[in-house]
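Biologist: I'm new to this one and would like a close look at a single part. Could you pick one helix and walk me through how it sits in the chain?

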Amino acid sequence: MSQKYLLTAIQASALRRRIRFLLPAKLLNGGIAGLIGVTCVFPIDLAKTRLQNQQNGSRLYTSLSDCLIKTIRSEGYFGMYRGAAVNLTLVTPEKAIKLAANDFFRQHLSKDGKLTLLKEMLAGCGAGTCQVIVTTPMEMLKIQLQDAGRIAAQRKLMPETVAAGSVEPKSPTAMQLTRELFREKGIAGLYKGLGATLLRDVPFSVIYFPLFANLNNLGKRGAEGPAPFYVSFVSGCLAGSTAAVAVNPVDVIKTRLQSLNRGSAEDTYSGVTDCIRKILQNEGPSAFLKGAYCRALVIAPLFGIAQVVYFLGVGEYILSFLTKKEH
């Protein structure tokens with residue numbers, strides 16, 4: 001009898017330890033995955049922002065490769081990493097919240113039985129809604145820093161687009177931007193484009209998480225066994241690129257709304273509907289697909305890496321290692 005109680009106590013202790021690690025491990029996994037992914041694909045993300053922001057009559061770049069080549073020529077190699085510090089700082093909480101929130105909602109929605117496709121979509125919706133707390137200010141700052149080089153290059157290479165007597169804007173730092181936005185508009189300044197960010201990130205998560213889960217299930221070893229890491233990577237890439245292209249029109253709108261500096265010949269927008277109307281009127285429907293392939297190239301490896309880190313349990317390993325050292 002005492003042996004039975006001892007086994008039960010050991011199992012209970014192991015369960016408490018697992019529960020204690022659960023949320024911190026998920027947050028750590030999301031953070032590690034975000035840092036690795038962003039470091040790998042940031043130059044493509046910069047090209048995406050610049051391609052989406054340029055309008056008819058002020059087109060400086062013709063393609064992804066043309067944008068990266070011109071960026072290196074005018075700003076040097078590290079010009080491709082403008083705004084990377086903001087992204088690397090805030091992508092940890094952003095990815096951690098997104099992945100942990102999706103797991104949390106999936107867990108709670110599956111308590112009453114099988115996790116249906118609708119419940120998977122609801123979990124994704126919850127994850128997308130939670131992440132905008134961090135995503136919106138991160139994107140707001142990142143876009144200004146990424147696009148500053150395009151505005152400067154436009155003034156040099158396309159002087160006809162510059163208004164007479166206008167002063168060349170200085171390239172700000174993330175801290176300067178943050179202070180300026182706080183001073184002028186308070187916290188709302190950092191959350192400009194929140195509506196458009198929700199319109200992008202909620203549908204993205206609704207598509208991505210169920211699609212990833214179902215693709216990943218196809219590669220599982222047996223009914224209950226986990227999928228190999230390469231299946232998780234490919235599933236993350238496919239689901240990420242599909243969701244990225246699907247919501248690209250909203251990403252174009254969000255990028256335009258969050259950009260504070262523009263060329264003199266470029267439109268300004270008062271909101272989502274005004275942005276849609278002016279883009280359709282002046283650039284046509286195809287403008288909503290600007291940067292779509294860049295976004296797919298960014299999101300595919302980003303989420304592929306995220307799912308591999310998540311499914312390998314890197315966070316759990318680190319936390320268990322640190323706990324062992326304490327004892």
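Modeller: Let's take helix 10, starting from the whole chain and ending with a pair of other helices. Keep in mind that this is a predicted model. The protein chain has 12 helices and zero strands, and 48% of its 327 residues count as buried. If you take the contacts between residues at least 6 apart in sequence, 80% of them join residues at least 24 apart.

Now zoom in on helix 10, which runs over residues 272-282. Which of its residues are buried? Asp274, Cys275 and Ile279 are. These three span an arc of only 125° around the axis, so they end up on the same side of helix 10. There's a simple rule behind this sort of pattern: an α-helix has 3.6 residues a turn, so residues three or four places apart point the same way. As for what lies over the buried residues of helix 10, the cover includes helix 9, residues 248-258. Look at the face turned away from the buried side and you'll find Thr273 and Gln281, both exposed. Just past the end of helix 10, Gly284 takes a positive phi of about 85°.

For a look at how two helices pack elsewhere in the chain, try helix 8 (residues 229-246) and helix 11 (residues 292-312). Their axes are 7 Å apart and the packing angle is about 145°. The crossing of helix 8 and helix 11 is right-handed, and their contact has 15 nonpolar, six polar and one charged residues.

Technical notes:
Residues are numbered from 1 along each chain as its sequence is written. This is a predicted model: local features need pLDDT of at least 70, side-chain atom pairs count only at pLDDT 80 or more; totals for chains, interfaces and linings use all residues. Side-chain values use heavy atoms; hydrogens and water are left out. Buried means under 20% relative accessible area, exposed over 50%, partly exposed in between (1.4 Å probe, protein chains only). Helices (H or I, at least four residues) and strands (E, at least two) are DSSP runs, numbered from the N terminus. The arc is that of the directions from the helix axis to the C-beta atoms. Contact means heavy atoms within 4.5 Å. Axes are lines fitted to C-alpha atoms, for helices over the stretch in contact, and angles run from 0 to 180 degrees between N-to-C directions. A crossing is left-handed if the near helix is turned anticlockwise from the far one by less than a right angle, and right-handed if clockwise. Ala, Val, Leu, Ile, Met, Phe, Trp, Tyr, Cys and Pro count as nonpolar, Asp, Glu, Lys and Arg as charged, and the others, Gly among them, as polar.
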